[in-house]
Amino acid sequence: MSPPALLAAVSGIDTGDTAWMLIATALVLMMTPALGLFYAGLVRSKNTLNTFMMCIGAIAVAMVTWALVGYSLAFDGTGSLIGGLGYVGLHGVDFAPREGTAIPHLVFMAFQATFCIITVALVSGAVVERMRFGAFLVFAALWSVCVYAVLAHWAFGGGWLQANGTLDFAGGVPVEMGSGFSALAAALVVGARKDYGRQALLPHNAVYVLLGAGLLWFGWFGFNGGSGFSTGNPSVLAFTNTLLTPACTLVVWFGLDLLRGRKVTAIGAATAIVVGCVAITPAGGFISPGWAMLLGGLAALPSYAIIVWRTRTRVDETLDVLAAHGMAGFFGILFIGFFAELSWNGVSNGLFYGNAAQLGDQALAALAGPTYAFIATFVLLKLIGAVMPLRASEHEEALGMDVVQHGEEAYVTGEGAILVFPEDGGTAGVPVADPG
Amino acid sequence: MSRVQGHGGELERVETYRGTTVKIGLAEKVRFEIAVSDEFVQPTVDALCEGARTGEVGDGKIFVLPLDRAVRIRTGETDHGAVTPVDK
């Protein structure tokens, strides 16, 4: 980089766009701890910290892999299947504007990093309460590169789906379908919790779930609103649709809850917020506010159906990432094919406005994204499983992952706690009575 | 049934909170108090032994004690009748 670039504003940068994208990046990063809260409320109290820590672990691992190699593979060049290695270690990622935007390349990279992070965190929902933390971190590192970066390249980085004309505003392919169908594969490889289907395994704190969903929604304004990389019309449209769509999903979800159990449930509402936000993610900048409202209402139906169906199966995809993210993302991607409107998005019409080809492009993405995510995740976890155990023992699972994996408890009372002085040495568990 | 804390000789949990390391001497336990008529004593003991056994230290113990009197409040039945299941 030439020294003047450090001193003066670089030409081609829009300060308003950059200001918004800096904020949007921070908003999206916040979504990962928000997801941690959402997930932590849905598990049993003995697994609270471990569940939350998988999301924090995703930040740690995926940020590093992204900077080292993931960003380059996703966003360097327009190779059909995968990007290049030109940005490895963030080489050449600086203050100059990222091609196609008026924001510094560094900000673009950081914004995309937060997407990779939350997608890795999302997959953890399939394997909580039994997967070993160390194995999850290894999985997170490899998955962020082998699955997320590849799908991100296909959909946003100039890969074959984008080149083919698939519209994906904020990550229906890499983030939503990518996490959802990977979650299904992960649940199948890791296997069900030992008590799944035999005992009621209930959410331990519905308030965490609601608060987490609320913070996710708040962060999603950065996620969708930032995916135009500007303060221009696509961003404004996506931002407003992010308000409209989840509200409509909530209304329909309330109705479905009433029909099914005669009561509107809080955890159902939290789920509906996520489903609505997911559905508008791919479509945000491409459809009118009116169609966005319809999308919100309709997207509730398949996700609700999958949640009801899944819990009757032996598939312990624990926190329903497939239903909330995979299915709603799938629905949103296809919806663009019908209702994209050139007068709103300036890019393309959908079938409803006379362009049937767009639906074909969307259907291709809705087929390719899930297929790659499922197969790649399945193989990746089988490989990791061949070199290290993926899950804790039954005894450890019974004790709870917080104590076993982290040596902490979320709701520690201090009763019976004896201070251990460092000079005493022993940090290993010691039997106080000889069982013999 | 009540949730209690206790120590059955199992391994103590060692936990660390920002550099403060502690041994947690008490573990979460459940205590069952079950009143049954004489002919149900052995089946109850057998059922608990089967259901609660993991083979590890800390599975728990069963104590069988005599009861002086029992009254079922709803019907006023006493003793044997009060603690024997009703067929409906």
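**Exercise 1.** How many residues does helix H12 of chain A have, and what distance does the helix reach from its first C-alpha to its last?

*Solution.* The model under study is predicted. Step one is to locate the helix: H12 of chain A covers residues 321–339, which gives 19 residues. Step two is to take its span, which is 26 Å from the first C-alpha to the last. Step three sets this value against the expectation: at 1.5 Å a residue, 27 Å is expected, and the span of H12(A) is close to that. A final step concerns its surroundings: 17 of the 19 residues of H12(A) are buried, and the helix is thus mostly covered.

**Exercise 2.** Determine the order of the elements in chain B and assess how spread out the chain is.

*Solution.* Begin with the inventory: chain B contains four strands and two helices. Read from the N terminus, these follow the order β-β-β-β-α-α. Next, compare the radius of gyration with the globule rule: chain B has 19 Å, well over the 12 Å that the rule gives for 88 residues, so the chain is more spread out than a compact globule. The box filled by its C-alpha atoms, along the principal axes, is roughly 60 × 25 × 25 Å. Burial completes the description: 5% of the 88 residues of chain B count as buried.

**Exercise 3.** Describe the division of chain B into domains and the contact between them.

*Solution.* The domain assignment divides chain B into domain 1, residues 1–31, and domain 2, residues 34–88. Taken over C-alpha atoms, the centres of the two domains are separated by 28 Å. Where the domains touch, five residues of domain 1 of chain B are in contact with four residues of domain 2 of chain B. The side contributed by domain 1 of chain B comprises one nonpolar, two polar and two charged residues.

**Exercise 4.** Analyse the contact between chains A and B, from its residue counts to its strand pairing.

*Solution.* First, count the participants: 18 residues come from chain A and 17 from chain B. Second, assign the chain B side to elements: strands E2 (13–17) and E3 (20–24) each supply at least two residues. E2(B) gives the most, with five residues. Third, classify the chain B side by residue type: seven are nonpolar, five polar and five charged. Fourth, examine the pairing across the chains: strand E1 of chain A, residues 417–420, pairs with E3(B) in the antiparallel sense over four bridges. Within E3(B), B:Val22 stands opposite A:Leu419.

Notes:
Residues numbered from 1 in each chain as written. Chains lettered and ligands numbered in written order. Predicted model: local features only at pLDDT ≥ 70, side-chain atom pairs only at ≥ 80, totals over all residues. Expected span 1.5 Å × (residues − 1). Buried ≥ 20, exposed ≤ 12 C-beta atoms within 10 Å, placed from the backbone. Nonpolar A, V, L, I, M, F, W, Y, C, P; charged D, E, K, R; others polar. Pairing = 2+ DSSP bridges. Rg over C-alpha atoms; globule rule 2.2 N^0.38 Å. Domains from an automatic or database assignment. Contact = placed C-beta atoms within 7 Å.
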